[in-house]
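Please explain how this protein chain is put together, beginning with its overall form and ending with its local details. The account should suit a reader who has not met the structure before.

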Amino acid sequence: KQMQKPPNFPPGPVWLPFVGSLYELKRLSKLLGGQHHALQALAQKYKTDVLGLKLGNEHVVTVFSYPFVREVLTNDVYDGRPDNFFLKLRCLGKKNGITCTEGETWSSQRNFVNRHLRNLGFGKKPMEVMIRDEIAEVLSILQSNGCNVSVDKFLAPSILNVIWVLITGERIPREDSLLKELLDLFHIRSRAFDMTGGTLSQYPWLRHIVPEWSGYNLIQKVNTNMKDFFMKIIREHQQTWEEGKNEDLIYRYISEMQLNNKNGEDFNEDQLVMICLDLFIAGAQTTSGTLDFAFLLMVMYPDVQKRVQEEIDKYFGKNWVIEYADRHKAPYVEAVLLEVMRFRHVLPIIGPRRVMHDTVLGEYVLPKDTTILISLYSVHNSSKYWKNSESFMPERFLDENGSLIANEKLIPFGLGRRRCLGEILAKTAIFMFFVEILRKYTVTLSPDSEAPTARCLPGITLSPVHYSAKFVERS
Ligand code: HEM
C-alpha cells in the first residue's frame with residue numbers, strides 16, 4: 001500500500017506507510033557508497049532535477065541542476081533550517097548560534113560574528129600572519145620527518161589553531177593534550193552523526209528504545225563534552241573580562257552581553273557556546289579535508305604537481321613572502337585549486353534548508369516546512385556543465401592565454417545570504433598551505449601506503465580513502 005503524495009510534489013520513489021522512501025535511500029546509499037550517489041541515482045531513475053522523497057514524517061526535496069540549485073540558494077523562501085529532532089540534537093537541544101537558526105536570531109548572530117571576525121583581522125593581514133606561523137611549524141616538522149604523513153591529521157591542528165586564535169585569542173601547541181582532546185571530540189562527533197545517518201531525525205522515539213544503537217547516547221555524550229569544553233574557556237574569559245578587552249571573539253561577545261544587550265535574550269552564553277561550535281564544526285574538517293584531497297591529487301597527477309611547482313618557482317622563487325593576493329600571479333595554481341574543489345568537493349550535499357511558506361519550484365509545488373537538500377556534487381560533476389567532467393583537468397579554468405576563467409557553476413561555498421561565512425579564511429589557508437608546502441617539497445605516496453584511489457569515504461564531509469604521503473625536500 002502506498003501513501004498519497006501532495007499535489008504536484010516532485011517525482012520520486014513510492015512512499016510506503018511509516019518509512020516513506022527511507023529504506024530505498026538507505027539501500028542505495030550503502031550500495032553506491034554515499035548519500036550523494038544514491039540521490040543522484042534516484043534523480044536519474046525518475047528523470048528529474050527535483051527529487052521528492054518522504055523520510056519518516058519529513059517531506060524531503062533534493063535539487064540537482066544549476067538553475068534549481070541557484071534558485072534555492074538565492075531565494076529567501078528557502079533560507080530556513082528544518083525544525084527536526086536531528087538539528088536540535090546538533091545544536092545541543094536549543095536552536096542557537098548560526099548554522100541551525102533562522103530569522104532574527106540567525107541574522108543578529110551571523111552579522112555580529114561576521115563584523116567582529118573582520119575587525120579581528122579575518123580576511124586581512126593579521127589572519128595571513130597567523131596562517132604563516134602555522135605553515136612555519138608544519139614545514140619544520142616536515143624537515144625532521146616527511147615520511148608516512150597522514151595529510152588530514154597532520155594539517156588539522158594548524159587549521160584548527162587559526163580558527164582557535166580568532167575565537168579564543170591563543171593558539172594551542174600541537175603536543176598539548178587539549179588539542180588532541182578537541183580533535184578527538186570532533187572526530188567522534190562526525191562519526192556519531194554519520195552513524196545515525198539521520199535515522200534519529202525521522203524516528204526520534206528510537207532514542208527511548210535503542211539509545212545505544214541509534215547513536216543517541218554517543219551524540220549526547222559528545223555534546224556534553226564539547227559544551228563543557230567551550231564553557232570552561234568562556235568562563236575563564238568572563239573572569240578576566242573588563243571593558244575595552246576585545247582581542248578575541250569571545251571577549252567581544254561578552255562585551256556585547258554586558259554592555260549592549262538590552263534584554264539578555266539575543267546575546268547569551270548558550271548562543272556563544274553554539275557559535276564556537278558552529279565555527280569549528282563548519283570550518284575545521286572542511287578546510288583540512290580540501291587540502292587532503294589537493295595533496296592526494298598531486299600524488300595521483302605528478303605532471304600537474306610538476307607544473308604547479310614550475311609556476312611557484314617562476315613567480316615566487318624561494319624567498320618571496322607569499323600572500324593570498326599573489327594568487328593571481330600564478331593562474332595555473334589557482335586553476336588547480338578550483339579543480340580540486342570541483343572534482344572532490346568535501347560537501348557533496350549541502351543544506352538542509354526549510355521552505356518557509358508554500359512555494360513553487362519549476363513545475364512543482366513545495367509545501368511549507370519541506371526540507372530541501374542541495375546536491376553540489378551533481379552541479380560540479382554534471383557533463384552538462386563540464387567537458388570530461390569525470391577527469392581532473394585544471395586547464396578547464398584557463399583560457400588560451402593561460403588566464404584564469406571563472407565558471408559560475410563552481411559554487412563550493414554556496415551562494416546567497418547563507419553562503420559560507422568562513423570562505424575567505426578557507427581559501428586563504430588552502431592557497432597558502434598548498435603553495436608553501438609545494439615550494440619546498442614534492443609529495444609522493446609513502447612506500448607503505450595503500451595505492452591511492454579516487455574513491456571517497458562517505459560521511460558528513462567527504463574524505464579520501466586513507467593514504468600516507470611522503471614529502472621529499474626539493475633540491
Ligand atoms: C573548504 C572549506 C569550506 C567549505 C567548502 C565550506 C562550504 C560551506 C557551504 C557550501 C556553506 C553553505 C551551507 C548552506 O547553504 O546551507 C557553508 C556554511 C557555513 N560555513 Fe563554510 N565552508 C568551508 C570553510 C568554513 C570555515 C573555515 C568556516 C569558519 C571558520 C566556515 C563557517 C561556516 C558557517 C558558520 C556556515 C553557516 C552559515 C549559515 O548558516 O548562515 N566554513 N560553508
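The paragraphs below proceed from the whole chain to the ligand, then to helix packing, and finally to two features of the backbone.

The model is a predicted one. Its chain contains 17 helices and 10 strands. The radius of gyration is 23 Å, close to the 23 Å that the globule rule gives for 475 residues, so the chain is as compact as a globular protein of that length. Measured out along the principal axes, the C-alpha trace spans about 70 × 60 × 40 Å.

The surroundings of the ligand come next. A total of 25 residues lie around the ligand, and those that come nearest are A282, G283, G414, C420 and G422. Three elements, namely α13, β3 (349-354) and α17 (423-440), each give two or more residues to this shell. Helix α13 supplies the largest share, with 7 residues. By class, the shell consists of 13 nonpolar, 8 polar and 4 charged residues.

Two of these contributors to the shell, α13 and α17, also pack against each other. Their axes come within 10 Å and cross at roughly 35°, and the crossing is right-handed. On the α13 side the contact is made by G283, T286, T287, T290, L291 and A294, while α17 brings L425, A426, A429, I430, F433 and F434. The residues of this contact comprise 8 nonpolar and 4 polar ones, with no charged residues. G283 thus has a place in two parts of this description: G283 is among the residues that come nearest to the ligand, and G283 also takes part in the contact of α13 with α17.

Helix α17 has a further partner in helix α6 (residues 125-144), and the axes of these two helices come within 10 Å and cross at roughly 35°. This crossing, too, is right-handed. From α6, the residues M127, E128, I131, I135 and L139 meet L425, T428, A429, M432, F433, E436 and K440 of α17. This contact holds 8 nonpolar residues, 1 polar residue and 3 charged residues. L425, A429 and F433 of α17 are among the residues that meet α6, and these residues likewise belong to the contact with α13.

Helix α13 (residues 269-300) also packs with helix α11 (residues 216-240), at an angle of about 110° and with the axes 10 Å apart. The two helices are therefore roughly perpendicular to each other. Helix α11 passes α13 in a right-handed crossing. Here α11 contributes M226, K227, F230, M231 and I234, and α13 contributes E269, L272, V273, C276 and L277. In terms of class, 8 of the contact residues are nonpolar and 2 are charged, and no polar residue takes part.

Two details of the backbone complete the account. The first concerns strand β3, in which P352 is found. A cis peptide bond joins G351 and P352, with omega at about -10°. Strand β3 is also one of the elements that give two or more residues to the shell around the ligand. The second detail concerns N148, which is placed in the loop between α6 and α7 (151-168). N148 has a phi near 50°, a positive value in a residue other than glycine.

Note on methods:
Residues are numbered from 1 along each chain as its sequence is written. This is a predicted model: local features need pLDDT of at least 70, side-chain atom pairs count only at pLDDT 80 or more; totals for chains, interfaces and linings use all residues. Axes are lines fitted to C-alpha atoms, for helices over the stretch in contact, and angles run from 0 to 180 degrees between N-to-C directions. Helices (H or I, at least four residues) and strands (E, at least two) are DSSP runs, numbered from the N terminus. Angles under 35 degrees count as roughly parallel, over 145 as roughly antiparallel, 65 to 115 as roughly perpendicular and the rest as oblique. A crossing is left-handed if the near helix is turned anticlockwise from the far one by less than a right angle, and right-handed if clockwise. Two residues are in contact if their C-beta atoms, placed from the backbone, lie within 7 Å. Ala, Val, Leu, Ile, Met, Phe, Trp, Tyr, Cys and Pro count as nonpolar, Asp, Glu, Lys and Arg as charged, and the others, Gly among them, as polar. A residue is near a molecule or strand if its C-beta atom, placed from the backbone, lies within 6 Å of it. The radius of gyration is taken over C-alpha atoms; the globule rule is 2.2 Å times the number of residues to the power 0.38.
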